[in-house]
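Reader: I would like to learn how to read the pockets, cavities and packing in a model of this kind. Please show me the structure and take the features in turn.

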Amino acid sequence: MYQTVASLLKKCDELNLPIWELMVRTEMNFERASRKAVWDKMKHQLHVMQKAAKRGASGEGVHSPTGLTGGDAVKMRKYREQGLGLSGDDVLLAVQNALATNEVNAAMGVICATPTAGSSGTIPGVLFSIKEKLDLTEEQMIQFLFTASAFGLVTANSAMIAGAVGGCQAEVGSASAMAAAAAVEVCGGTPKQASEAFAMALSNLLGLVCDPVAGLVEIPCVKRNVAGAVNALACSDMALAGIENKIPADEVIGAMRRIGEKMPMQLRETGLGGLATTPTGLKMKIKIFGEEV
Amino acid sequence: MSGNYKSVFDIIGPVMVGPSSSHTAGAVAIGHVAHKLFSQKITKITVDYYESFAQTHRGHGTDFAIVAGILGMGTADLRVSQAVKIAREGGIKVKFIEHRTKSPIHHPNTAIITLENENKKIQIAGCSIGGGTIEIRGLKLDGHELSPKGPLPMVLCWIKDGQQELIEQRLQADDVVIKRTSQSVKAEHCLLEVELDKKPNQDALAEIAQLTHELVCL
């Protein structure tokens, strides 16, 4: 297992392997499993992600039991069909898939946590957008997920990925950075460029708090995944253009950890601060749970 | 802060029913540990919540998620959201308690589960560290009390005092690293807890089961 991005890159360099291949081998060793078993399990995760993104944007969409979220992915799909978007359609497809996945999550549907359920829209947002753009094969999409998991493991083990521990930077921030790195590798960038994309994407979202209205994974979580997905695409492009972050990936992860540790409890998934305690946020909470909470 | 994530599927996964990997899927996983350790008909479930779990358990579906795990359901089981109803209809008393004090096991996502019937009572203190991954930091079983460091996998076996070395040797034979062990001895009975870097293989578990009164791999 790799405790730092630097050690991950060093190993790739030594063995002359892409990041995804190194992770397949690491997992086979850890699970005592065959290559096929590990590969097929990731394929299953991919299929769950595809199904959720499709479900959220189909028909009338999905709606959460509280009524706070739902239907926005469908609105975005219809808007895209008009072809009037300010952003290019690849970006809007990422927006749609991020919304769709998180709306399914809020509606208690089946999703794949990447790395968490609250941030489960970011990676599908990026992956299914570049799939269309670059005509990725299923094999490449599975490789993308292995690369993303390599960066996610380092982040989870050296900092945190739970909003209750480190705020939304740890959830959507981590997801965005993982997606940016994986997008770079699947587009033919080097492991070093992938780590630059990771560092830029995470740097951009440092300090993001977890302030869910009524403590529910709905507002602002669903739309924060859009921020994560779009940020990832921009950072992948920057890395592929040869732009560097200047602060290395491992140091950015360290910064996230220290920021998370200093973040007050009210802004770490308790629903006691930020958007959760705006007048409208509080009204929603009372409407859902009654006066006593 | 260093976490305990070992598999790529701790990060790309779990496949689960929403809305929260820590408060829903992680809660199912903590419940599932209690399920594995009780292995009898349950008449009463008590769940004590602390910190973030105490504040947000209702909205995140933590209640039904924990009970789903206790009933043996997985994170992607579509019956998860019905679990409290299913338990109560099955005659099980279910109670949730919100505490305003700090977590006794020092994590914002803490649940302490107590399972009982007329002749058995166990308690598990678990925390959900994010992305569906959990740690178990407290166990009260058959009069034994243990405080593991937390990370799984962990093997629990009820043995005769003195068998510890034999079991540790067998576990290590397959390139498994023992991170920590602890034991509790009551009369001639001993509960041994071994924390590992990866899951032991099935052959090792089967051989160790021969030596022990009872064995559970978490």
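**Pockets, cavities and packing**

Author: The largest pocket holds about 990 Å³ of space. This is a predicted model, in which local features need pLDDT of at least 70 and side-chain atom pairs count only at pLDDT 80 or more, while totals for chains, interfaces and linings use all residues. Residues are numbered from 1 along each chain as its sequence is written, chains are lettered from A and ligands numbered from 1 in the order in which they are written, and side-chain values use heavy atoms, with hydrogens and water left out.

Reader: What separates a pocket from a cavity, and which residues are closest to the centre of the largest pocket?

Author: On a 1 Å grid over the protein atoms alone, a cavity is a set of points where a 1.4 Å probe fits but cannot get out; a pocket is an open set with protein on both sides within 12 Å along at least five of seven lines, and lining residues have an atom within 4 Å of a point. Points are joined across faces, edges and corners, and a volume is the space filled by probe spheres set on them. Here 30 residues line the largest pocket, and D10(B), A29(B), G132(B), L152(B) and K199(B) are the closest to its centre.

Reader: Which element gives the most to that lining?

Author: Helices (H or I, at least four residues) and strands (E, at least two) are DSSP runs, numbered from the N terminus. The most comes from α2(B), with 6 residues. By type, the lining of the largest pocket has 14 nonpolar, 10 polar and 6 charged residues. Nonpolar covers Ala, Val, Leu, Ile, Met, Phe, Trp, Tyr, Cys and Pro; charged covers Asp, Glu, Lys and Arg; the others, Gly among them, are polar.

Reader: How many cavities of 30 Å³ or more are there?

Author: The count is 4. The largest cavity has a volume of about 170 Å³. Its lining has 24 residues, with G118(A), E171(A), C210(A), V217(A) and C221(A) nearest the centre. Both α11 (221–240) of chain A and α2 of chain B give two or more residues to this lining. The second largest cavity holds about 40 Å³, and its lining is A164(A), M265(A), R268(A), T270(A), E51(B), S52(B) and P108(B).

Reader: How do I read the packing of two helices?

Author: Two packed helices are described by the angle between their axes and the distance between the axes. Axes are lines fitted to C-alpha atoms, for helices over the stretch in contact, and angles run from 0 to 180 degrees between N-to-C directions. In chain A, α3 (residues 35–57) and α7 (residues 138–158) pack at about 100°, with axes 10 Å apart. They are therefore roughly perpendicular (65 to 115 degrees). Their contact (heavy atoms within 4.5 Å) includes W39(A) and M42(A) of α3(A) and I142(A) and F146(A) of α7(A). Its residues divide into 9 nonpolar, 3 polar and 3 charged.

Reader: In what order do the strands of the chain B sheet lie, and which stand at the edges?

Author: Two strands pair if DSSP finds at least two bridges between them. In chain B, 6 strands form an open, mixed sheet in the order β3-β2-β4-β5-β6-β7. The edges are β3 (93–98) and β7 (144–146), each with a single partner strand, so one side of each has no neighbour in the sheet. Strands β6(B) and β7(B) run antiparallel, joined by 3 bridges; L141(B) has H144(B) in β7(B) as its bridge partner.

Key. Angles under 35 degrees count as roughly parallel, over 145 as roughly antiparallel, 65 to 115 as roughly perpendicular and the rest as oblique.
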